[in-house]
Amino acid sequence: MPQDAALPRELACVSLVADQDAVARYAELTRDFNPIHLNAEFAAGTSFGRPIAHGTLGLNLVIEALERTFGAVPEDARLEVRFIAPVPVGATIRAGGHLTDEATGSYEIFVETASGERAVAGTCTIGAAPEIRNTGASKI
């Protein structure tokens with residue numbers, strides 16, 4: 001994307017059914033075999049009561065939304081996210097975002113279930129990171 005091009009108002013919206021097969025394939029990919037994701041009997045004994053998808057599985061949908069919007073993830077993209085709710089295995093999730101501040105290149109981003117419950121929320125900033133200055137003034 002050229003430096004002087006206007007930023008799109010919306011990120012492409014992408015979705016995924018986080019079914020048992022998708023979660024099992026993601027576990028293989030990431031080598032994360034935590035039984036909270038894969039074992040219904042184990043998960044039934046946790047506070048979630050049932051298997052939940054990996055949080056980063058949903059976060060990867062944000063990355064895919066960025067790729068679809070910009071053709072690739074911009075090299076200067078920065079994400080700040082919070083995982084705010086679990087996604088039950090079997091849920092359909094979608095990710096996207098909208099531009100909140102064109103001057104700073106900031107987008108509000110999300111991953112949510114089909115019912116609209118947010119699982120991941122945060123910001124994505126497209127553009128150079130702010131300069132961090134060391135003033136030498138810190139005191140311990």
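A nonpolar core is here a set of buried Ala, Val, Leu, Ile, Met, Phe, Trp, Tyr and Cys residues that are joined through side-chain atoms within 4.5 Å. In this predicted model, the largest such core holds 26 residues, and the members that touch the most others are Phe 70, Tyr 107 and Ile 126. Contributions of at least two residues each come from β1, α1 (20-30), α4, β3, β4 and β5 (118-126), and the largest share, seven residues, is supplied by α4.

Two of these three residues also meet as an aromatic pair, and the count of such pairs in the model is one. The ring centres of Phe 70 and Tyr 107 lie 6.3 Å apart with their planes at 85 degrees, and because an angle over 60 degrees counts as edge-to-face, the pair is assigned to that class. The partners belong to distant parts of the chain, since Phe 70 is in helix α4 (residues 55-70) and Tyr 107 is in strand β4 (residues 106-113), with 37 residues of separation. Both are buried by the limit of under 20% relative accessible area: Phe 70 has a relative accessibility of 15%, while the value for Tyr 107 is 0%. The third residue, Ile 126, touches both of them, and beyond its sequence neighbours up to four places away its contacts also include Leu 7, Leu 66, Pro 74, Asp 76, Ala 77, Thr 104 and Gly 105.

From Tyr 107 one can follow the strand that carries this residue. Strand β4 is mostly covered, with seven of its eight residues buried, and β4 pairs with strands β3 and β5. The pairing of β3 with β4 is antiparallel and runs over eight bridges; within it, Leu 99 stands opposite Tyr 107, and His 98 has Glu 108 as its bridge partner in β4. These two strands form a hairpin with four residues between them, and in the turn Gly 105 has a positive phi of about 70 degrees. That same Gly 105 is one of the residues touched by Ile 126.

On the β5 side, seven bridges join β4 to β5, again in the antiparallel sense, and Glu 112 stands opposite Arg 118 there. This hairpin likewise has four residues between its strands, with Gly 116 taking a positive phi near 95 degrees. β3 also pairs with β1, antiparallel and over six bridges, and His 98 is the bridge partner of Glu 10 in that pairing. His 98 therefore has bridge partners on two strands, Glu 10 in β1 and Glu 108 in β4.

The charged residues add another set of connections. Side chains of opposite charge can pair when their charged atoms come close, and the model contains seven salt bridges. One of them joins Glu 102 to Arg 9, at 3.6 Å from N to O; Glu 102 lies in the loop between β3 (92-101) and β4, whereas Arg 9 is in the segment before β1 (10-17), so this pair ties together parts of the chain that are 93 residues apart in sequence. Glu 102 is partly exposed, at 45% relative accessible area, and Arg 9 is exposed, at 53%.

A salt bridge within a single helix is found in α4, where Glu 64 and Arg 68 meet at 2.6 Å, N to O. The two residues are four positions apart in the helix and are therefore separated by about one helical turn. Of these partners, Glu 64 is partly exposed at 29% and Arg 68 is exposed at 54%. Elsewhere, salt bridges with shared partners join Arg 94, Glu 108, Glu 112 and Arg 118 into one network. Arg 31 and Glu 28 form a further salt bridge at 3.1 Å, N to O, with Arg 31 exposed at 57% and Glu 28 partly exposed at 47%.

A last place to look is Glu 80, which is located in strand β2 (residues 77-83) and is exposed, with a relative accessible area of 61%. Leaving aside neighbours within four places in sequence, Glu 80 is in contact with Ala 121, Gly 122 and Thr 123. The C-alpha atoms of Glu 80 and Thr 125 are 8.6 Å apart in space, although the two residues are 45 residues apart in sequence.

Methods:
Residues are numbered from 1 along each chain as its sequence is written. This is a predicted model: local features need pLDDT of at least 70, side-chain atom pairs count only at pLDDT 80 or more; totals for chains, interfaces and linings use all residues. Side-chain values use heavy atoms; hydrogens and water are left out. Rings of Phe, Tyr and Trp (its six-membered ring) pair if their centres lie within 6.5 Å; planes under 30 degrees apart count as stacked, over 60 as edge-to-face and the rest as tilted. Buried means under 20% relative accessible area, exposed over 50%, partly exposed in between (1.4 Å probe, protein chains only). A salt bridge is a side-chain nitrogen of Lys or Arg within 4 Å of a carboxyl oxygen of Asp or Glu. Two strands pair if DSSP finds at least two bridges between them. Contact means heavy atoms within 4.5 Å.
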